[in-house]
Every structure is written in C-alpha cells, then in structure tokens.
Amino acid sequence: MKIFTAEQIRDCDQYTIKNEPVSSMQLMERAAEACVEWISENCNHHRNFAIFCGSGNNGGDGFAIARMLYQKGFDVDVFTNMKAKFSPDAQENFRHVKEITGISVREFKETSGYRFDSRTVIIDALFGTGLSRSLDGEMKDLVEFLNLQKNIKISIDLPSGLMADTISDSEIFMADYTLTFQFWKKSFLHAETGKFTGKVQVLDIHLNQDYIEENETRDFVIDDEVIKSIFKIRSEFSHKGTYGKVNIIGGSYGKMGAAVLSTRAALKAGAGLTFTIAPKCGYEILQTSDPEAMFIEGGKDFIESFHIDETAVCGIGPGLGTHEKTAEGFLKFLKSYSKPLILDADALNIIAQNPHHLNLIPEKSIITPHPKEFERLFGKTENSFQRTVLAKDKSRELKIYIVLKDHHTQIITPEGMVFYNITGNSGLAKGGSGDILTGIVTSFLAQQYTEQEAAILGVWFHGRAAEYASEKHSKESMLPSDVINEFGNVFSVLNDKVRKLL
Ligand SMILES: NC(=O)C1=CN([C@@H]2O[C@H](COP(=O)(O)OP(=O)(O)OC[C@H]3O[C@@H](n4cnc5c(N)ncnc54)[C@H](OP(=O)(O)O)[C@@H]3O)[C@@H](O)[C@H]2O)[C@@H](O)CC1
Ligand SMILES: [K+]
C-alpha cells in the first residue's frame with residue numbers, strides 16, 4: 001500500500017470528488033459510515049459516546065458519526081466550539097446534529113464538569129490531516145484533559161495533534177484505536193509518533209483508484225497485496241538444487257545458540273541445502289540441534305577462516321563475536337568477495353570499527369541493523385524520521401539494502417524506497433529474534449527471490465510467525481524457537497492465499 005502525504009491525501013480527496021459521482025458531503029458520509037460500522041461491530045459493551053468535534057472536516061466526520069450512532073440506538077453527547085467558523089460540510093453536519101433532540105450538544109469548556117462513565121467511549125474528531133500547527137490554548141488543555149481520562153479512546157483519521165508526515169512537539173491525543181481513512185500515514189509507523197495511535201484500522205472509503213495508481217510515492221506499507229505479489233509457490237517439478245544453498249556463518253564460544261537459531265530458521269524457511277560455518281566448539285551442538293544442516297569448521301573457539309562456497313548465499317554475523325582474529329578473517333574475506341551478502345550483528349559491529357570498512361560491503365547486500373547497530377555504523381540522528389533519511393542516503397551511496405529493525409521495521413532500497421512492515425509484536429524484543437531474521441532472509445535469497453523481495457518477504461514472514469507464536473505462548477513467554485515453529489503455519493496460509501483453487 002502506498003503511503004501518501006497529507007497534501008496528496010487532500011488532492012486525492014478533491015480528485016475523487018471531481019472525477020466520480022460523489023460530492024464532498026457524500027464522501028464524508030461514506031467515511032462516517034465506515035467508522036460507525038467498525039464502532040458498532042467492536043464496541044459491544046459500550047453504549048455511551050462523548051464525541052469531540054473540531055471545526056474542519058475531521059469535526060464534520062465527528063458530527064456525522066454522532067448522528068449515525070444515535071440512529072443506531074447509542075447514547076451520544078457532542079462537544080464542540082459552537083461559535084467556531086466551521087468548514088461548509090462540518091457546518092451542514094453540525095446542523096443535522098442540532099436537529100436531533102436526543103443528542104446533547106455542549107461547549108468544549110463544559111468537558112471538565114462532565115461525568116465520564118467508565119463505559120463512555122471518547123471519540124476524537126478534533127483535527128485530522130488539516131492540522132497545520134501545534135495545539136495551543138483551549139485545544140491543548142482539552143486534549144491534555146481527555147488524555148487523563150481512563151475511558152477507551154478512538155481517534156478519527158489521526159489522533160488530534162499528530163501530523164501525518166512528520167514529528168511535532170504538540171500535545172497529542174492518546175488513542176487506543178485510530179480509524180484512519182484509506183491509507184497508513186507515515187507518522188503512525190515511527191516510534192515517537194506511532195505510540196499515540198493505539199491499534200490502527202485502515203478503512204476503505206473508495207477514493208479514486210486512478211489517482212492512487214498514478215501518483216508517486218517512495219514510501220509503502222507491506223500489506224497482503226505486496227506479499228501476494230512476491231511469494232512464489234514451490235513447483236512440484238523441483239529438487240533441492242532449485243531452492244539454493246545457504247551458508248550461515250556465525251557462532252563462537254558461549255554464543256552458539258545464535259548460529260543454531262539462524263541455521264534452523266534458514267532450514268525451516270525452505271532452503272534446499274544449508275551449511276553452518278562455525279567454530280569447532282559448536283560441532284556437537286549444531287549437529288545435534290539442526291541435524292539437517294551440514295557443519296563446516298571455521299576455527300576453534302571462534303571463526304578465523306571464511307572459506308565460503310561461492311555458489312552459496314551467505315548470512316554472516318549471528319553469534320560471530322568480534323575477536324580480532326575473527327575480524328581479520330572477515331575483513332580479508334570481504335576484500336575478495338563481490339556477491340551480495342546478508343550481514344547482521346557482529347558482522348556489522350566489525351564493519352563499524354572503521355568507516356572505511358563500509359566500502360567493503362558488496363553491492364546489493366542486505367544489512368539488518370537494529371537502531372544501536374545502525375548508529376555505530378552511520379552515526380547518531382535526532383529521531384527515527386532523521387534516521388530513515390540517513391538510511392536512504394547510505395543505501396543509495398553504498399548500493400545496499402538496509403533492513404532497519406524497529407517496531408515497524410523498514411526495508412530501504414538503493415533506489416530510495418522505504419517499505420514499512422506492519423506484522424510482528426513486542427514478543428520479538430528478545431535475544432535470538434534477529435538471528436532468526438538473518439536465517440529467513442538468507443534462505444529466501446537462496447531460493448531465487450531478488451534482494452528486495454527476500455528482505456520484504458523475510459521481514460513480513462518473521463513478524464507474522466511471531467504473531468502466531470504470541471497467540472499460543474503470549475508475547476511475554478514466546479521464545480525465538482516458538483517463532484520458528486510457526487513458519488509452517490505462515491506458509492500454509494500464504495499458499496492458500498496465492499494458490500489457484502477450484
Ligand atoms: N481525505 C479524505 O478523502 C477525506 C477526509 N475527510 C476528513 O477530513 C479531514 C481533513 O479535514 P480538513 O482539511 O478540514 O482539516 P481538519 O484536520 O479537520 O482541521 C482543519 C481546521 O483546523 C484548523 N487548525 C489546524 N491546526 C490547528 C491548530 N493547531 N489549532 C487550531 N486550529 C487548527 C484549520 O485552520 P487553519 O490552519 O486554516 O488556520 C482548519 O480550520 C480528514 O482528516 C478526515 O477526517 C473525510 O471527511 C472524507 C474523506
Ligand atoms: K482526530
């Protein structure tokens with residue numbers, strides 16, 4: 001799914017009104033209907049709604065939602081600034097609300113005296129994509145007050161105070177759910193701003209498809225459509241050679257688990273043949289834990305020699321350690337190797353020891369740093385938006401793919417595209433999760449996906465397996481090995497989605 005800026009969304013809105021038999025009032029009606037459908041399906045135990053409406057079209061949505069919820073039998077109170085200069089559509093919907101005697105309309109300043117029942121849902125329709133500056137005065141105080149209430153809070157389109165595309169220092173409404181129209185907004189996907197949205201639900205309001213297809217963006221959300229366009233079903237007429245050869249290079253004394261997990265992930269993600277290059281101290285551990293993989297000795301307690309089969313796809317780094325002999329061997333190997341690699345963890349830490357090492361990374365390689373590793377490689381940034389900008393520069397400069405691991409991991413391409421992942425959960429915030437991702441991406445690259453496809457599919461796949469694992473074990477208790485055990489289920493669902501069935 002494309003991510004558009006607030007300006008593009010406004011254009012798309014206008015284009016739809018101009019080119020389709022729908023007026024702006026009808027589009028607002030459609031948007032409100034989509035919200036009310038979601039609310040009435042999901043708010044089974046809540047009958048009362050306190051709806052806060054601004055003067056723009058976001059407020060207009062709020063007034064329309066108030067009317068529709070009332071008509072469905074819910075109790076509705078509306079708060080607004082009755083003397084405001086409303087947008088034409090907001091004005092019209094406000095007029096309809098005033099005509100309904102069962103809806104009480106109050107001034108914002110009456111909010112502090114209002115008795116918020118524990119089952120009252122607060123709906124925020126104060127500001128949407130039209131927010132042009134930080135909240136101040138009455139609106140800042142109002143949002144501050146509402147944020148103190150323990151009630152369930154739903155934002156319409158965007159949490160008020162949040163800009164769609166950038167970071168701001170405004171007071172921001174803290175939603176439990178955000179019902180957003182048509183597109184993900186960039187700010188929902190970054191840590192500093194995304195924490196205000198709660199769970200995001202994208203509602204399709206059928207904005208014009210031609211506009212969506214023809215207008216360019218460099219930012220995308222990895223949704224089911226993206227994955228369906230990448231995933232390839234295994235052919236029955238195939239053999240192990242069809243699915244490539246993987247070399248996982250990692251492990252050192254005390255960190256052999258990382259190599260075990262990475263190897264197992266590569267195996268279970270479908271590679272044809274998997275080898276682990278590890279130090280001798282890991283021989284029995286690896287052969288016992290992952291008997292389907294073959295062992296190649298690369299040193300005694302740590303890896304020193306990187307003699308790699310050129311026909312294999314290599315994932316280097318899990319548990320590798322940064323012993324000087326390992327670093328020496330790895331850098332020597334990099335100087336003589338030109339095929340794309342997957343580099344993670346200690347492979348990145350060795351590279352980070354000297355900025356000149358960055359130029360040794362073969363073009364089209366995939367590096368998978370977490371924010372701290374990214375900082376070691378490329379330096380500090382003020383916030384995650386700036387980090388993405390820096391990653392785009394570095395991706396272009398070094399001609400590599402950067403998988404920037406975060407709550408919404410980003411895959412950044414040398415062409416300057418950013419793909420945001422929306423699968424996964426906090427159960428992945430544990431040692432070993434990154435080792436699995438390295439195994440998956442290496443395995444997909446060996447199976448003849450392109451670098452971009454392997455990175456996108458790999459990150460999505462890892463997150464989806466984590467969602468399944470947390471359903472069974474909880475986010476707290478799930479282990480990286482539980483995530484690997486869910487790979488089969490992810491493949492089954494994917495195959496069902498992609499396969500042509502009678
Ligand atoms: N996209 C679509 O297809 C559809 C979009 N729809 C809905 O429209 C919404 C966008 O509506 P919108 O453009 O009227 O802007 P909105 O956010 O309501 O506020 C603008 C008003 O707030 C004011 N203002 C701004 N900042 C302020 C501040 N800090 N403090 C105080 N005031 C401030 C600003 O004043 P100004 O900046 O001009 O001074 C202006 O008066 C969108 O989010 C969605 O909900 C759906 O109805 C249908 C389909
Ligand atoms: K809002």
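Into which domains is the protein divided? In this predicted model, the chain comprises domain 1, covering residues 6-216, and domain 2, covering residues 228-498. The centres of the two domains, taken over C-alpha atoms, are separated by 41 Å. Contact between them involves seven residues of domain 1 and seven residues of domain 2. On the side of domain 1 that touches domain 2, three residues are nonpolar, three are polar and one is charged.

Attention then turns to annotated positions. An unreviewed UniProt entry lists Asn-58, Asp-124 and Ser-160 under "binding site". These positions are spread over 103 residues of sequence, yet they cluster in space, with a largest C-alpha distance of 9.5 Å.

Asn-58 belongs to helix 3, which spans residues 57-71. Because 26 other C-beta atoms lie within 10 Å, Asn-58 is classed as buried, the cut-off for this class being 20 or more. When neighbours within four places in sequence are left aside, the contacts of Asn-58 are Ala-125, Leu-126, Phe-127, Gly-128, Gly-130, Ile-156 and Asp-157.

Asp-124 is located in strand 4, formed by residues 120-125. This residue likewise has a buried setting: Asp-124 counts as buried because 29 C-beta neighbours are found inside 10 Å. With residues up to four places away in sequence not counted, Asp-124 touches Phe-52, Lys-153, Ile-154, Ser-155, Ile-156, Pro-159, Ser-160, Phe-173 and Ala-175. Among these contacts is Ser-160, itself one of the positions listed by UniProt for "binding site". Ile-156 appears in the contacts of Asn-58 and also in those of Asp-124.

The surroundings of ligand 1 were examined next. A total of 29 residues are found around ligand 1, and those that come nearest are Gly-56, Asn-57, Asn-58, Gly-128 and Gly-130. The elements giving two or more residues to this shell are helix 1 (6-19), helix 2 (24-42) and helix 3. Helix 3 supplies the largest share, five residues. By class, the shell consists of 12 nonpolar, 13 polar and four charged residues.

The annotation and the ligand shell meet at Asn-58. This residue is named in the UniProt record for "binding site" and is among the residues that come nearest to ligand 1. Gly-128 and Gly-130, which are also among the nearest residues to the ligand, are both in contact with Asn-58. Helix 3, in which Asn-58 is found, is the element with the largest share of the shell around ligand 1.

Terms used:
Residues are numbered from 1 along each chain as its sequence is written. Chains are lettered from A and ligands numbered from 1 in the order in which they are written. This is a predicted model: local features need pLDDT of at least 70, side-chain atom pairs count only at pLDDT 80 or more; totals for chains, interfaces and linings use all residues. UniProt positions are given in the numbering used here, feature names are shortened, and annotations may be inferred rather than shown by experiment. Helices (H or I, at least four residues) and strands (E, at least two) are DSSP runs, numbered from the N terminus. A residue is buried if 20 or more other C-beta atoms lie within 10 Å of its own, exposed if 12 or fewer, and partly exposed in between; C-beta atoms are placed from the backbone. Two residues are in contact if their C-beta atoms, placed from the backbone, lie within 7 Å. Domain bounds come from an automatic or database domain assignment. Ala, Val, Leu, Ile, Met, Phe, Trp, Tyr, Cys and Pro count as nonpolar, Asp, Glu, Lys and Arg as charged, and the others, Gly among them, as polar. A residue is near a molecule or strand if its C-beta atom, placed from the backbone, lies within 6 Å of it.
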